[in-house]
Amino acid sequence: MYPELEAIKSILLKESYISEADNAAAQAVAHDSAGYIEYLIQHDLLSKTLLGHALAEAYQMSYYDLTASPIGKESITAIPETTARSYRMMLAKDTGKIVTIVTDDARGHNAKMARLEQLFPKRKIKLVYGLPESMESALSLYNQPLETRFSQIIESGKRIAPEIVDAIIGDAISYQTSDVHFEPQASEAIVRFRVDGNLRVAGRIPKEYYENILNRLKVEGGMRIDEHFSAQDGAITREVAGRRVDLRVSLVPTVQGEKVALRLLNSYVQDYSLEDIGLSEHHRDLLQLYSAKPFGMILTVGPTGSGKTTTLYSLLKLLNQPNVNITSIEDPVEYKVAGINQIQVHEASGLTFAKGLRAIVRQDPNIILVGEVRDQETAEISVNAALTGHLLLSTFHANDAATAVPRLIDMGIEPFLLASTLQVVIAQRLGRKICHSCRYSLSTKEATRGLKTKAPLEQYLKGITTLYAGKGCTACNGTGYSGRIAFFEFLEVSPEMQDLIVTNPSTSQVEELARKQGCQPMFQDGINKAKDGVTTIAEVVRVVAPPRKGL
């Protein structure tokens, strides 16, 4: 729904939202308006809010931020679904005398107004502009439950598998789902969405239709449809509301049939800044300090799905400059970023992390991103790369920052080499954010009532009288949460820490020294975010383990 590329460039340059140099840089890598805008936003040359204002000005309309002021379900009764979808418009606000209607399509103004005057007679109508991706989410309020639509698609008898797949992926994108699971059972296949880290059942498909749906996903994902007893991986690319969405497909055989998991790799992740992901000002300053050094190793640690890769991409966004050569090796390449040389691991052809990393070192890189340190060979090459004049970023599986040090030594890294190269270890977990539309304050006593934790909460909540929670509303589907935020712990490798690492220390020894040097535990970072109204104390207790006793 964005204007053509030439129109977009004209709008942004005329209104001085971007410079000629910014325009030239974006134009060099973009082939359409969506790619052009993605480049500008990804490189902090333009914000979504400024883009909305620029387009609204070009259309001689006011800008309406649907993210800040989401539309409630009560709005869908005012405009029929067929009208809302065909004219791309929804009721944003109704004061009684003035009706505010939001649209992402400035065409057909007269036709829109004529239809709105029928729906709202004798009322003043104000038409405002909203960004396409936000409008798509708003229109999803009209969606019937997936199972209802499954029944309607099956009854129609036409293109059953493609339409069911389209409905599932469309809903997943609208609800900002991270993963979609197709789980075959004896008589049905259950579809589950993971939203903000939590799984919920989205619908059920009769078993007799599942085989065709499975084949549809295999064909779209570039997998073999005649293979039923081996694991397969694939990728699907779709365009929704003017932006590209990449889906990673994983298929494994189970006793009830083939299970499919779709990972939605939304491009908006690339827009995240260090502040967006939850880094405090102190932590941002530390990360920028260490990333400005010409060599060394920066590690992010945590379990699968804790946002480690997103943190590194947010950092790369700052480091990605024309005078810097950045190369990554990943499995898989989740987010494609202009200006970075990204290599996909391919085990079948012998391109492993270790072999790829050896080749990268000969490519004259300044910065190397290794998707994950998985084995001794990759760890050794990574340390050597950091030792020979490269800044190396990577992820690593460890429960906390202190555990990463002895684990790397156990993998075969010489302690004196690790002490010389490791700069900072960032441990993190992801928790849910409170929905801004229904957030309310409550006393500390109310917020902690019924919480089961061994942590001495009184110690952490001393002096705090007010905390926050979400009541649950249409904007958050009644959960009280919307979006996620990371809780962090930074372990800096100071000269004293280097001396300790050389002695092959235990986790408790590393942690004890880190605490003495001011390393704030993840639990405390979560408490700070709860105090600021970003998340709830219940979410912190659920996600983050309290520090070990005495630390």
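This is a short talk on how one predicted protein model is put together.

Okay, hi everyone. Keep in mind throughout that we're looking at a predicted model. Let's begin with the whole chain and then zoom in.

So, how many helices and strands are there in the protein chain? There are 22 helices and 19 strands. The radius of gyration comes out at 25 Å, and the globule rule gives 24 Å for 551 residues, so the chain is as compact as a globular protein of that length. If you follow the C-alpha trace along its principal axes, it spans about 80 × 60 × 60 Å. Of those 551 residues, 51% count as buried. And here's one about contacts: take the ones between residues at least 6 apart in sequence, and 65% of them join residues at least 24 apart.

Next up, a sheet. Strands of a sheet pair through backbone hydrogen bonds, and they can do that parallel or antiparallel. Ours is an open sheet of 4 strands, in the order β1-β4-β3-β2, and the pairing is mixed. Which strands sit at the edges? Those are β1, residues 62-63, and β2, residues 89-94, and each of them pairs on one side only. Look at β1 next to β4, which covers residues 124-129: the two pair in the parallel sense over 2 bridges. If you want a residue to click on, try Tyr 63, whose bridge partner in β4 is Tyr 129.

The sheet has helices packed on it too. Helix α6, residues 109-119, lies across β2, β3 and β4, and runs at about 135° to β4. Then there's helix α7, residues 132-139, which also touches β2, β3 and β4. The direction of α7 makes about 85° with that of β2.

Now for two loop residues around here. Arg 88 is in the loop between α5 and β2, and Lys 122 is in the loop between α6 and β4. Phi is near 55° for Arg 88, a positive value in a residue other than glycine. Lys 122 also has a positive phi without being a glycine, and its value is near 60°. Are they buried or exposed? Arg 88 has 10% relative accessibility, which is under the 20% cut-off, so it counts as buried. Lys 122 has a relative accessible area of 90%, so it is exposed.

Let's jump back to the start of the chain, to Ile 11 in helix α1, residues 5-14. Ile 11 is buried, with a relative accessible area of 13%. What does Ile 11 touch, if we skip residues up to four places away in sequence? The answer is Ala 54, Leu 55 and Ala 58. In that stretch you'll also find Glu 57, which is 46 residues from Ile 11 along the chain, yet their C-alpha atoms are separated by 8.7 Å.

Last stop: a helix pair. Two packed helices are described by the angle between their axes and the distance between the axes. For α19, residues 495-502, and α20, residues 507-516, the angle is about 170° and the axes are 11 Å apart. Anything over 145 degrees counts as roughly antiparallel, so that's what these two are. On the α19 side, the contact is made by Glu 496, Met 497 and Leu 500. From α20 come Gln 509, Val 510, Leu 513 and Ala 514. Sort the contact residues and you get 5 nonpolar, 1 polar and 1 charged.

That's my tour, thanks for listening!

Key:
Residues numbered from 1 in each chain as written. Predicted model: local features only at pLDDT ≥ 70, side-chain atom pairs only at ≥ 80, totals over all residues. Heavy atoms only, no water. Axes fitted to C-alpha atoms, helices over the stretch in contact; angles between N-to-C directions. Parallel < 35°, antiparallel > 145°, perpendicular 65-115°, else oblique. Contact = heavy atoms within 4.5 Å. Nonpolar A, V, L, I, M, F, W, Y, C, P; charged D, E, K, R; others polar. Pairing = 2+ DSSP bridges. Rg over C-alpha atoms; globule rule 2.2 N^0.38 Å. Buried < 20%, exposed > 50% of the residue type's maximum accessible area, 1.4 Å probe, protein only.
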